[in-house]
Amino acid sequence: MSVVHPYQSLLPAFFGLFASAFLGTALGQSSGQTPAERGKYLVEVAGCHDCHTPYKNGQPDMTRILMGHPQDIKISAPGKLPTPWNMAGSETNTAWTGPWGVSFSTNLTPDKNTGLGLWTEQMFIDTIRKGKHGGTGRDILPPMPWPGYAKFTDGDLRAIFAYLKSIPAVMNRVPQPVPPGK
Ligand code: HEC
């Protein structure tokens with residue numbers, strides 16, 4: 001008859017305790033991140049600042065975070081580009097001219113009149129998934145790379161939206177796109 005040493009029977013219990021303490025910490029850390037914190041990370045990694053935060057001296061100016069094309073910089077007509085050039089961007093990297101006309105990066109801050117302040121989470125998710133303004137409106141123009149962002153999970157898009165709702169609201173009315181040939 002084999003006798004189980006008391007320590008031997010305790011070992012699995014010790015490992016169990018150790019593992020759950022370890023896992024608990026690891027899980028605790030990831031769930032300790034708020035959706036807005038995760039959204040901030042996703043916005044940085046996905047390069048939203050490159051187009052939605054106006055450039056100053058060749059870099060996104062983080063004092064004007066995600067406010068879109070500055071309303072005081074007037075751009076009226078699509079530029080005529082010599083072959084083989086297809087598109088060009090403004091020095092703020094918030095306005096582009098190409099075969100689609102002129103497009104302007106939009107205000108992603110929570111301002112109610114000029115930004116996403118009145119948007120629901122569902123509108124935001126539908127916009128990115130379908131490439132339509134507000135989820136149901138006109139097609140979103142280049143160079144907004146929504147077909148790639150459409151592959152974000154619902155959780156990712158919710159986190160991004162939570163982050164966008166948490167940044168300072170900036171009143172900045174971005175112009176409407178200019179159709180080609182205008
Ligand atoms: C390469 C440039 C570029 C990048 C990168 C980019 N955007 Fe855009 N985005 C644009 C442009 C330009 C528009 C406006 C297009 C139009 O008017 O149809 C736009 C439009 C949008 C709209 C639609 C707003 C509306 O009123 O319909 C949302 C929402 C948006 N972007 C979110 C994001 C998010 C979130 C990211 C990062 C995950 C991002 N964008 C990255 C250029 C960009």
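The following is a dialogue about a predicted model, in which a colleague asks for the grounds of each assignment.

Colleague: What makes asparagine 57 exposed or buried?

Modeller: Asparagine 57 has 6 other C-beta atoms within 10 Å. A residue counts as exposed if 12 or fewer lie within that distance, so asparagine 57 is exposed. Its place is in the loop between β1 (55-56) and β2.

Colleague: Why is asparagine 93 called buried?

Modeller: For asparagine 93 the count is 20 other C-beta atoms within 10 Å. The definition of buried asks for 20 or more, and therefore asparagine 93 is buried. This residue lies in the loop between β3 and β4 (95-98).

Colleague: What is the sign of phi in asparagine 57, and what is it in asparagine 93?

Modeller: Phi of asparagine 57 is near 50°, a positive value in a residue other than glycine. For asparagine 93, phi is near 55°, again positive in a residue that is not glycine.

Colleague: Which residues does the cis peptide bond with omega of about 5° join, and which does the one with omega of about 0° join?

Modeller: The cis bond with omega of about 5° joins threonine 83 and proline 84. Proline 84 is found in the loop between β2 (59-60) and β3 (88-89). The cis bond with omega of about 0° joins proline 142 and proline 143. Proline 143 lies in the loop between α4 (121-130) and α5 (146-149).

Colleague: How do you know that β3 and β4 pair?

Modeller: Pairing requires at least two bridges between the strands. β3 and β4 have two bridges, in the antiparallel sense. Alanine 88 stands opposite threonine 97 in β4.

Colleague: What supports the pairing of β4 with β5?

Modeller: Four bridges join β4 to β5, and these strands run antiparallel; the definition asks for at least two. Alanine 95 stands opposite phenylalanine 104 in β5. A hairpin of two residues connects β4 to β5.

Colleague: Why are β3 and β5 said to stand at the edges?

Modeller: The open sheet has three strands in the order β3-β4-β5, with antiparallel pairing. β3 and β5 (101-104) each have a single partner strand, so one side of each is left without a neighbour in the sheet.

Colleague: Which residues touch the most other members of the largest nonpolar core?

Modeller: Of its 15 residues, Leu66, Phe124, Leu157, Ile160, Phe161, Tyr163 and Leu164 do so. The helices α3, α4 and α6 (154-166) each supply at least two residues of this core. The largest share, six residues, comes from α6.

Colleague: What does leucine 164 touch, not counting residues up to four places away in sequence?

Modeller: Leucine 164 touches Leu66, Leu108, Pro110 and Leu116 on that count. Apart from the largest core lies another, of five residues, among them Trp96, Val102, Phe104 and Val174.

Colleague: Which residues come nearest to the ligand, and how does the shell around the ligand divide by residue type?

Modeller: Of the 22 residues around the ligand, Ala46, Cys48, Cys51, Leu141 and Met144 come nearest. The shell divides into 13 nonpolar, eight polar and one charged. Helix α3 (residues 48-52) gives the most to this shell, with four residues.

Note on methods:
Residues are numbered from 1 along each chain as its sequence is written. This is a predicted model: local features need pLDDT of at least 70, side-chain atom pairs count only at pLDDT 80 or more; totals for chains, interfaces and linings use all residues. A residue is near a molecule or strand if its C-beta atom, placed from the backbone, lies within 6 Å of it. Ala, Val, Leu, Ile, Met, Phe, Trp, Tyr, Cys and Pro count as nonpolar, Asp, Glu, Lys and Arg as charged, and the others, Gly among them, as polar. A nonpolar core is a set of buried Ala, Val, Leu, Ile, Met, Phe, Trp, Tyr and Cys residues joined through C-beta atoms within 7 Å. Two residues are in contact if their C-beta atoms, placed from the backbone, lie within 7 Å.
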